[in-house]
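Colleague: Could you take a close look at one part of this model for me, starting from the outside and working inwards? I think best at the bench when I can picture the surroundings.

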Amino acid sequence: MTEWKKISGIISDLDGVTYRGDDPIDSAVEAFQSWHSLGLPYAFVTNNSTKSAEEFGEKLNRMGIPATPERIITTSAVSAERLRTLLEPKARVMVIGAPALLRAVEKSGFEIADEKVAAVIAGLDREFNFEKLEKAQIALMGGAHFIGTNPDRMLPKGDGFEPGAGSILKAIETASGVPPVIIGKPQPHLISMALSILGTDPKSTYMLGDQIMTDIVAGHAAGLPTILVRTGVAEEGPFPITPDFDIETLASIPVMMPNDLQET
Ligand SMILES: [Mg+2]
């Protein structure tokens, strides 16, 4: 492992880094509190499309982590935003996903529909069924755009797991023959957006996550140094990439003012 260098900003994953499900990770609460009081800027990026930035902000604040919605980048918001670059204003869009995704698409000015749509946008939908699959198939085979919030195959749940958005995307892809454009990690879109909001130097802004195949790959693709923290989901290798730092908890990151350490 290399030596710690100057940290001018942090872009962090949520689940497995700040909390596990509904349980805060104590070392993370302490770390973010000290970064907040030192004025070290940070933002959060999450593949989870089932909550809005406001809802994630409230969850973090309840756990004692200072956070504002402007610095929480979600796949629901960024996926809905992507539609604006593809479609005419007020176009008809089919949404397969949680209410947060539906609200984000509505907020972007599109009409929610399930026939004659210009795009299908899909994420984790716990009420996914055959009828939705069939309607998405018809739309995509008719030439609609296909946006997927994130490719996660499974999600941690209690002591086990449940299917993630990626499982739903694969079903739709198999039915229609059309692969989705993925917005979430391991693609770098969320991280690039967080970086532009922070306005910090990418060379000294660290991507922090608990999963190599999503967080670390995405951080690297966005050009950032990366930190893997072992408080979340354990993954099985082999891995295509090695994080710059590999730590047990966030307590291992030296607390410092942004300019205390040497620049590279
Ligand atoms: Mg995670």
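Modeller: Happy to! Let's start with Asp22, which counts as exposed because there are 8 C-beta neighbours inside 10 Å, and 12 or fewer is the cut-off for that label. Please keep in mind that this is a predicted model. Asp22 sits in the loop that links strand E2 (19–20) with strand E3 (23–24). From there we can step across to Glu58: the two residues are 36 apart in sequence, and their C-alpha atoms are 12 Å apart in space.

Glu58 brings us to helix H2, which spans residues 53–62. Buried in this helix are Ala53, Phe56, Gly57 and Leu60. Viewed down the axis of H2, the buried residues fall within an arc of 105°, so they line one face of the helix. Among the elements covering these buried residues are strand E4 (42–46), strand E5 (72–74) and helix H3 (75–86). After H2 comes Gly64, with a positive phi near 95°.

Now for the wider layout. The domain assignment gives domain 1 (9–47 + 185–252) and domain 2 (78–182). Their C-alpha centres are 26 Å apart, and the contact between them takes 8 residues from domain 1 and 6 residues from domain 2.

Further in, you will find an open sheet of 5 strands, paired in parallel and ordered E7-E6-E8-E9-E12. At its edges stand E7 (111–112) and E12 (181–182); each has a single partner strand, so one side of each is left without a neighbour in the sheet. Inside the sheet, E6 (residues 92–96) and E8 (residues 119–122) run parallel and are joined by 4 bridges. Helix H6 (residues 165–176) packs on the sheet, where it touches E6, E8 and strand E9 (145–148), and its direction makes about 150° with that of E8.

Val120 is a good residue to finish on. In E8, Val120 is the bridge partner of Met94. Leaving out neighbours within four places in sequence, Val120 is in contact with Met94, Ile96, Ala136, Ala139, Leu140, Ala144 and Phe146. The largest nonpolar core has 73 residues, and Val120 is among those that touch the most other members, together with Ile11, Val93, Ile121 and Ile191. This core draws at least three residues from each of domain 1 and domain 2.

Technical notes: Residues numbered from 1 in each chain as written. Predicted model: local features only at pLDDT ≥ 70, side-chain atom pairs only at ≥ 80, totals over all residues. Buried ≥ 20, exposed ≤ 12 C-beta atoms within 10 Å, placed from the backbone. Helix = DSSP H or I, 4+ residues; strand = E, 2+ residues; numbered from the N terminus. Arc of directions from axis to C-beta. Contact = placed C-beta atoms within 7 Å. Core = buried A, V, L, I, M, F, W, Y, C linked by C-beta atoms within 7 Å. Domains from an automatic or database assignment. Pairing = 2+ DSSP bridges. Axes fitted to C-alpha atoms, helices over the stretch in contact; angles between N-to-C directions.
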